[in-house]
Amino acid sequence: MINKIIKFRNKRYKKETVLSLVAMALIVSGCSVQTQPIDFEANSVVSYQRIDTIIKDEEPITGPISLYEAMARALKYNLDEKIELLDEEFRRKQTAVTQLGMIPSITASFGVDSRNNESGSSSRSILSGQESLEPSSSSEKTVYSGDLIASWDILDFGLSYVQSKQNSDERLIAAERRRKVINRILEDVRTAYWRAVSADRTHKKLVKLEALTQKALLQAETLEKRRLAPPLKVLNYQRDLLQIQSTVQRMQRELLLAKKQLAALMNLKPNSYFKLVLPDRTDVVPELPGSAQQMVMIALQFRSELRESAYRERINIDALQEQFISSLPGFRTVLGINYNSNEFLYNEDWINISSRISWDLTNLFRYPLQRKALKAEAKVIQARADALTMAIMTQVHVARARFIRFSQELNTIRMYNDVQGRILTLTQNGFKAKAISQRDLVKEEMNSILSEVRYDTAYADLQNAYANLYASMGVDNFDFNISPEAPVAEIAEKLRNHWEEQAVALPAVPEIPK
């Protein structure tokens, strides 16, 4: 009878336990997570306010902006550069985190175990099947325990060491990417600045030229309607005027966009108003910094893409070491300090030490396949490096040819501008002497203005080609010792000194073994 009651109670407890578990499962499943769609209208307002706040914190523009001030503002405020700077900082911190894996791990724990009755038990003889002891307990109802355990695994140490080297190389890759972004930004600033200078310098001339063209077209239409001149001669004149007008409109479109591009590079609002320092045009043309062979060797030494490829190759070698270490057996040592408040224990606190060797045999068989895969990846990295080397060598030669060509074109355009100036002077004198018609005078005035615009544009193109020479070599357009926290004027002065020193002497070129 007693056994039946015990069995009934056990079934009832099991039933209650099952019901409790089912109830808990229903409660947990009812707490399903549902996210709300983002309010993109409010998000757009927040994004605009963030950019507005960033721009308000920048140094105000107090006067005309020079080339080096424009570079300084881009170096200090450009958001693309800030992304690379933050990524480099992230890689540095990630390396520090990985290095912690090489030190022993220390775990501290504290726990409380409590129950509503005694945890007693009795024993039954295996031989006779009779109960040998009365029910007894060796534990209190409530027990407090704590331990402090230090463990160290030589396998984890080796893996963490290799991974730290890989993360360190990733940080160096991030630094190279930042170099590349900054050099690209400063090259874009130089290009946009000179085109914006050309736009500011020639804006009034282009407006005047367009007005003259429009006036001349109206006069030509009048001549055609009244038949005051031969029709073919009038139509040819109109065709020349329309061609000039088309050229003027194209130049206005290209040059006026340059100022907005410059504003974006300096992290100014597109509608920001600012003036530029208009340098005097000079007849002194920048010279080539070195021979083609010298420039190619400098490019192979400094280009960020090749440096990144070299770091990728080293990361691949470290990955081979990582897979080899993973295939080895692990040796783990544990040292612990323990405490338990149970008064029935003979020793309430004790120190334990243990060691264990473990070996994941699947890693041993997996290693040959992983090694082959990493060797194949190494070949891909090397092939990409070879392709990059050829592309960079080509870029250097193209940049040289482009610079030489622009130098020749500038010299031709300068001579053309001088000739056109003399023609205009003679035409004006002939018009005063009534030997030349007003139509021919207007045409030469338009040609003179158009010649000056072309001269400015050609000079800007030459300056851009000169900057592209250094970009093709990967030589830094800035000094890494320049702090972005420094004032704009200080950064601008350091950039000026850096460019003047760079124009005098290029970095040393490694010797090619024969």
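Visitor: How many of the 10 residues of β4 are buried?
Guide: Buried means under 20% relative accessible area, exposed means over 50%, and partly exposed lies in between (1.4 Å probe, protein chains only). Strand β4 lies largely in the open, because its buried count among 10 residues is 0.

Visitor: What kind of model is this?
Guide: Residues are numbered from 1 along each chain as its sequence is written. Side-chain values use heavy atoms, without hydrogens or water; local features need pLDDT of at least 70, side-chain atom pairs count only at pLDDT 80 or more, and totals for chains, interfaces and linings use all residues, since this is a predicted model.

Visitor: How many helices and strands are in the protein?
Guide: Both are DSSP runs, numbered from the N terminus: helices are H or I with at least four residues, strands are E with at least two. By that count the protein has 11 helices and 4 strands.

Visitor: In what order do the 4 strands of the open sheet stand?
Guide: Strands pair if DSSP finds at least two bridges between them. Here the pairing is antiparallel, and the order is β1-β2-β3-β4.

Visitor: Which are the edge strands?
Guide: An edge strand of this sheet pairs on one side only. That picks out β1 (105-114) and β4 (349-358).

Visitor: By how many degrees are neighbouring strands of this sheet turned against each other on average?
Guide: Axes are lines fitted to C-alpha atoms, for helices over the stretch in contact, and angles run from 0 to 180 degrees between N-to-C directions. With direction ignored, the average turn between neighbouring strands is 20 degrees.

Visitor: How many residues of β1 are buried?
Guide: β1 has 10 residues. The strand lies largely in the open, because the number buried is 0.

Visitor: Which residue stands opposite G111?
Guide: G111 has its partner in β2. β1 and β2 are antiparallel and share 10 bridges. Opposite G111 stands S145.

Visitor: Which residue in β3 stands opposite L148?
Guide: β2 pairs with strand β3 (residues 330-340) in the antiparallel sense, over 9 bridges. In β3, the residue opposite L148 is I337.

Visitor: Which residue in β4 stands opposite Y339?
Guide: β3 and β4 run antiparallel and are joined by 10 bridges. Facing Y339 from β4 is D349.

Visitor: Is S151 buried or exposed?
Guide: S151 sits in strand β2 (residues 142-153). Its relative accessible area is 11%, so S151 counts as buried.

Visitor: Which side chains make polar contacts with the side chain of S151?
Guide: A polar contact is a pair of N or O atoms within 3.5 Å; within protein, one must be able to donate a hydrogen and the other to accept it, and residues adjacent in sequence count only if both atoms are side-chain atoms. One such contact spans 2.7 Å and involves S105. The other, at 3.0 Å, involves R332.

Visitor: Where is N342, and what is its relative accessibility?
Guide: N342 is in the loop between β3 and β4. N342 counts as buried because its relative accessibility is 6%.

Visitor: Which residue has its backbone nitrogen 3.3 Å from a polar atom of the N342 side chain?
Guide: Contact means heavy atoms within 4.5 Å. Leaving out residues up to four places away in sequence, N342 touches S138, S139, E140, V143 and E348. The backbone nitrogen in question belongs to E140.

Visitor: What is the relative accessible area of T213?
Guide: T213 is part of helix α5 (residues 154-226). Beyond neighbours within four places in sequence, T213 contacts L241, I244, Q245 and M446. T213 counts as buried, because its relative accessible area is 0%.

Visitor: How many residues of α3 are buried?
Guide: Helix α3 spans residues 67-77 and is mostly covered. Its buried residues include L67, E69, R73 and Y77. The count is 11 of 11.

Visitor: How many Å does α10 reach from its first C-alpha to its last?
Guide: Helix α10 (residues 438-473) has 36 residues, 27 of them buried. The expected span is 1.5 Å times one less than the number of residues, here 52 Å. The reach is close to that: 53 Å.

Visitor: Which residue follows α10?
Guide: Its phi is positive, near 75 degrees. This residue is G474.
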